[in-house]
Amino acid sequence: MCNKAGSNWYAALQSPWLLGAFAGLFVILASSLFGLFELRLPAWLLNRVDVISRKHAGGSITGAAALGLLSALLVGPCMTAPLAGALLYISQTGSALLGGMALFALGLGMGLPLLALAMFGNKVLPKPGPWMERVRVVFGYVMLGVAISMLNRFVPAQWMLAIWGAWLLAVATGLLAWGSASSLAERGAWFLRYLSVLTGIWALLLLVGSASGATSLLQPLQKLRAVAAVGMPSNSPQPTYIAAKTVEDVNNQLQAAQAKGQWTLIDFFAKWCVSCHVIEKNVFGHPEVAARLQHLHIIRPDVTHNDAADRALLKHWGVQGPPTLILVDPNGIERRDLRMVGELSAARFLETLDSAGTP
């Protein structure tokens, strides 16, 4: 959940323009890992650092620290793409604790292999070879996957299905090329080709599913299956969201629901709130939940801009930020004990409705 102090910053980080820029940067970093260009420090700076490092003699803590600092400047550029990618991902989480732990883990990951090399040498570590280039390419595909996952926060799900399909098709092509390499053993080559075929088939299913209007990565043919099934409805009932901006808007809608004797669900929502979209897709999109929501008066205050009206509404209801779901009974009284904050599952949401005694 987004707290009040960081909501403005979190909203800015979830801007489609900023997320799109980060995704583009990940694509550039992936291009570097694919060998299109190299990320290196300027030659004049590398030469100067090398000259300075040669002047520092070993045998003292100060000398070791200086050599470590200078070697980091020389070796660091080799980790530019993964490190930059890690920093970009951390900036999206908004968690200082997670960021510190991730960078600490990255530092351990960089340091432990060096310790293993010093202690065990060539006995346990593989010899340099073509496999190192393949590992680099694998991380290039991972970078592209991260870029796509950022687009997933604001690009329509149907389009995302096509983008993931294109990415999987690229992965299948890479596996096929790897499996065709003559340096691999026969069994290993056939296994990679088999994975390539499976990946390629699923990629084609995603592309076909996207063209048919599907949105699920696990069920790309759900739309076609619904059409083919005789008498099966193609869509579950969709909840009707009533927009509200101010405290007065919400109060007016509560009075309308009270006049009809209906329960009310207040869904505090924001476009930059990733968890809100998860709830909308996985919880409200669940067939049983969608059927139950047909009997509720659903008010959706959109606090995307976090302006004065949004802050007044959040303060009035004592809400720190989205996603927050509030149940109000037909008498206009909130069931505070049933307030739902943060992500939740469809099963938990249904349990909460049962506890409230809603239809």
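Trainee: Where does Pro323 lie?
Mentor: This is a predicted model, so read every value here as computed from it. Helix α14 covers residues 308-317, and strand β4 covers 324-328. The place of Pro323 is in the loop between α14 and β4.

Trainee: Is the peptide bond from Pro322 to Pro323 cis or trans, going by omega?
Mentor: Most peptide bonds are trans. Check omega for this one: the angle is near -5°. The bond from Pro322 to Pro323 is therefore not among that majority; the form here is cis.

Trainee: Which residue has a positive phi although it is not a glycine?
Mentor: Most residues other than glycine have a negative phi. Look in the loop between β3 and α14. There, with a phi of about 55°, sits Asn306.

Trainee: Is Asn306 buried or exposed?
Mentor: The cut-off for buried is under 20% relative accessible area. Asn306 has 8% relative accessibility. That value is under the cut-off, so Asn306 counts as buried.

Trainee: Which residue with a positive phi follows α15?
Mentor: Helix α15 spans residues 346-356. The residue that follows has a phi near 80°. That residue is Gly357.

Trainee: Which residues of helix α15 are buried?
Mentor: Start at the beginning of the helix, where Ala346 is buried. Further along, Phe349 and Leu350 are buried too. The list is completed by Thr352, Leu353 and Ala356.

Trainee: Why do the buried residues of α15 line one face of the helix?
Mentor: An α-helix has 3.6 residues a turn, so residues three or four places apart point the same way. Now look down the axis of α15. The buried residues line one face because they fall within an arc of 155°.

Trainee: What covers the buried residues of α15?
Mentor: Both helices and strands take part. Among the helices are α12 (274-283) and α13 (287-293). Among the strands are β2 (264-268), β4 (324-328) and β5 (340-341).

Trainee: With which residues is Thr352 in contact, leaving aside its neighbours within four places in sequence?
Mentor: Thr352 is found in helix α15. At 10% relative accessibility, it counts as buried. Its contacts beyond those neighbours are Leu327, Leu338 and Met340.

Trainee: How many salt bridges are there?
Mentor: Side chains of opposite charge can pair when their charged atoms come close. Here a pair needs a nitrogen of Lys or Arg within 4 Å of a carboxyl oxygen of Asp or Glu. By this rule the salt bridges come to 7.

Trainee: How many residues apart are Arg300 and Asp267?
Mentor: These two form a salt bridge, with their closest N and O atoms 2.9 Å apart. Both are buried. Arg300 sits in strand β3 and Asp267 in strand β2, so the pair links distant parts of the chain, and the separation in residues is 33.

Trainee: Arg300 forms a salt bridge with Glu280, so how far apart are the closest N and O atoms?
Mentor: Arg300 is in strand β3 and Glu280 in helix α12, so the pair ties together parts 20 residues apart in sequence. Arg300 counts as buried at 11% relative accessibility. Glu280 counts as partly exposed at 28%. Their closest N and O atoms are separated by 3.4 Å.

Trainee: Which residue forms a salt bridge with Glu334?
Mentor: The closest N and O atoms of the pair are 2.9 Å apart. The partner counts as buried, at 14% relative accessibility. It is Arg339.

Trainee: Which residues are linked in a network of salt bridges?
Mentor: One member is a lysine, Lys245. The others are aspartates. Together the network links Lys245, Asp307 and Asp310.

Trainee: How many disulfides are there?
Mentor: A disulfide is a covalent bond between the sulfur atoms of two cysteines. Cys273 is buried at 2% relative accessibility, and Cys276 is buried at 3%. Yet a pair needs sulfur atoms within 2.5 Å. By this rule the count is 0.

Trainee: Are α2 and α7 roughly parallel or roughly antiparallel?
Mentor: Helix α2 (residues 16-33) and helix α7 (residues 130-151) have axes that come within 8 Å. The axes cross at roughly 170°. Angles over 145 degrees fall in one class, and that makes the two helices roughly antiparallel.

Trainee: Which residues in α14 are met by Val247, Val250, Asn251 and Leu254 in α11?
Mentor: The axes of α11 (residues 247-260) and α14 come within 9 Å and cross at roughly 55°. The two helices are therefore oblique to each other. On the α14 side, the residues met are Ala312, Leu313, His316 and Trp317.

Notes. Residues are numbered from 1 along each chain as its sequence is written. This is a predicted model: local features need pLDDT of at least 70, side-chain atom pairs count only at pLDDT 80 or more; totals for chains, interfaces and linings use all residues. Side-chain values use heavy atoms; hydrogens and water are left out. Buried means under 20% relative accessible area, exposed over 50%, partly exposed in between (1.4 Å probe, protein chains only). Helices (H or I, at least four residues) and strands (E, at least two) are DSSP runs, numbered from the N terminus. The arc is that of the directions from the helix axis to the C-beta atoms. Contact means heavy atoms within 4.5 Å. A salt bridge is a side-chain nitrogen of Lys or Arg within 4 Å of a carboxyl oxygen of Asp or Glu. Axes are lines fitted to C-alpha atoms, for helices over the stretch in contact, and angles run from 0 to 180 degrees between N-to-C directions. Angles under 35 degrees count as roughly parallel, over 145 as roughly antiparallel, 65 to 115 as roughly perpendicular and the rest as oblique.
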